[in-house]
Protein chains: 2
Amino acid sequence: MQNLGLFVKPSYDLAMEPERFHYDLENCSIKRALDVLGEKWTLLVLREAIYGVRRFDDFARALKCGRGVLSARLKTLTEAGILKRVEYREGEQRARAEYHLDESGIDLFTTIYALSQWGDRWMPPPGGPAAKVTDRGSGRAVKVVLTSEPKLKSLSMRDLKIAPGPGAKRIK
Amino acid sequence: MQNLGLFVKPSYDLAMEPERFHYDLENCSIKRALDVLGEKWTLLVLREAIYGVRRFDDFARALKCGRGVLSARLKTLTEAGILKRVEYREGEQRARAEYHLDESGIDLFTTIYALSQWGDRWMPPPGGPAAKVTDRGSGRAVKVVLTSEPKLKSLSMRDLKIAPGPGAKRIK
């Protein structure tokens, strides 16, 4: 059957388009990352870890999710090296585990902040952003950008101050 | 009971930490974005849209997922304004739908590329990255960075060339 062409024009040009089906992308980094992260609770657990939450009961309190789900997500993130288990002991109690961001977890901040920045722009929360992220060095607001400047070095999450934004709802 | 302190030191300082439980974050942009995107197939559908895929059968072929799942994900993404339905007609056939990235979908590229960059770094695919992203203007490699430079403007997905990288497996 003859293809008489489309009535629509592409909304943008993309060099790879005619090539798409000549490549198997199942091995790509997006797929590999989503095999670990592709689940809402996993990313919300990471959000809490970024906000400094470390203990099982605190994650459960913050997320209001089932303990089984939380336990499974912490296990996945620990096995992937995104969180690390660190034992602590209070008084005479038995040792318990805290979950700290490991290096790859700290590096995930860029992705999560890009998502947050997109959400602030396209699904703006009432009252403005819930978090305010500034550069500890300059005090200026931090953003995520696409750049081809070879000399531009990214800030790390360690360089940042994360504080409640105008839209953060304070709990009495 | 007396808290005798932790045996561990925090792995990083975080201004918000002592404050975490005074704020309700359920309204934050990460949560709102994940209400739409927090699902592996959704993000993989977006990956395909970025690679120029537009038609139902082509998404199904690329993703090898069930048609019911695909249909639900395309509906969610269209309702959220990330994809837009555009009708096309081939010859005498009835009108059918293509799914194009809308403005907010194009803006999501930063998040998806941040995820891909993280995956390339921490879960490197054998043979290197599956995609090579360059600035059409300068021809240089593109990266995602955190910055507080007020004058630095982000490139848009429209400024970029996305081509198969060294790790892309060509299908014969």
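Domain bounds in this description come from an automatic or database domain assignment. On that basis, chain A of this predicted model divides into domain 1, covering residues 23-103, and domain 2, covering residues 108-172. Taken over C-alpha atoms, the centres of domain 1 of chain A and domain 2 of chain A are separated by 21 Å.

A walk along chain A helps with orientation. Its secondary structure consists of 6 helices and 7 strands, and these follow one another in the pattern β-α-α-α-α-β-β-α-α-β-β-β-β. Of the 172 residues in chain A, 39% are buried. Among the contacts in chain A with a separation of 6 or more, 56% join residues that lie 24 or more positions apart in the sequence.

The next point of interest is how the two chains meet. In chain A, 89 residues are in contact with 89 residues of chain B. Helix 6 of chain A (residues 109-122) supplies the largest share of the side that touches chain B, namely 12 residues. By residue type, this side of chain A comprises 47 nonpolar, 20 polar and 22 charged residues.

The arrangement of the copies can be described by a simple operation. A turn of 180°, with a shift of 0.0 Å along the axis, lays chain A on chain B with an RMSD of 0.0 Å. This is the relation of a two-fold axis. The interface fits into that picture: 100% of the interface residues of chain A are also interface residues in chain B, so the copies meet through the same surface.

Strands also take part in the meeting of the chains. Strand 5 of chain A (residues 143-147) pairs with strand 5 of chain B (residues 143-147) in the antiparallel sense, over 5 bridges. Within this pairing, the residue that A:T147 stands opposite is B:K143, in strand 5 of chain B.

A single cysteine position offers a closer view of the contacts between chains. B:C28 is placed in the loop between strand 1 (23-24) and helix 1 (29-37) of chain B. Is B:C28 buried or exposed? A residue counts as buried if 20 or more other C-beta atoms lie within 10 Å of its own. B:C28 has 25 C-beta neighbours inside 10 Å and therefore counts as buried. Leaving aside neighbours within four places in sequence, B:C28 is in contact with A:P125, A:A130 and A:A131.

Technical notes. Residues numbered from 1 in each chain as written. Chains lettered and ligands numbered in written order. Predicted model: local features only at pLDDT ≥ 70, side-chain atom pairs only at ≥ 80, totals over all residues. Contact = placed C-beta atoms within 7 Å. Helix = DSSP H or I, 4+ residues; strand = E, 2+ residues; numbered from the N terminus. Nonpolar A, V, L, I, M, F, W, Y, C, P; charged D, E, K, R; others polar. Pairing = 2+ DSSP bridges. Least-squares fit on C-alpha atoms with pLDDT ≥ 70 in both. Buried ≥ 20, exposed ≤ 12 C-beta atoms within 10 Å, placed from the backbone.
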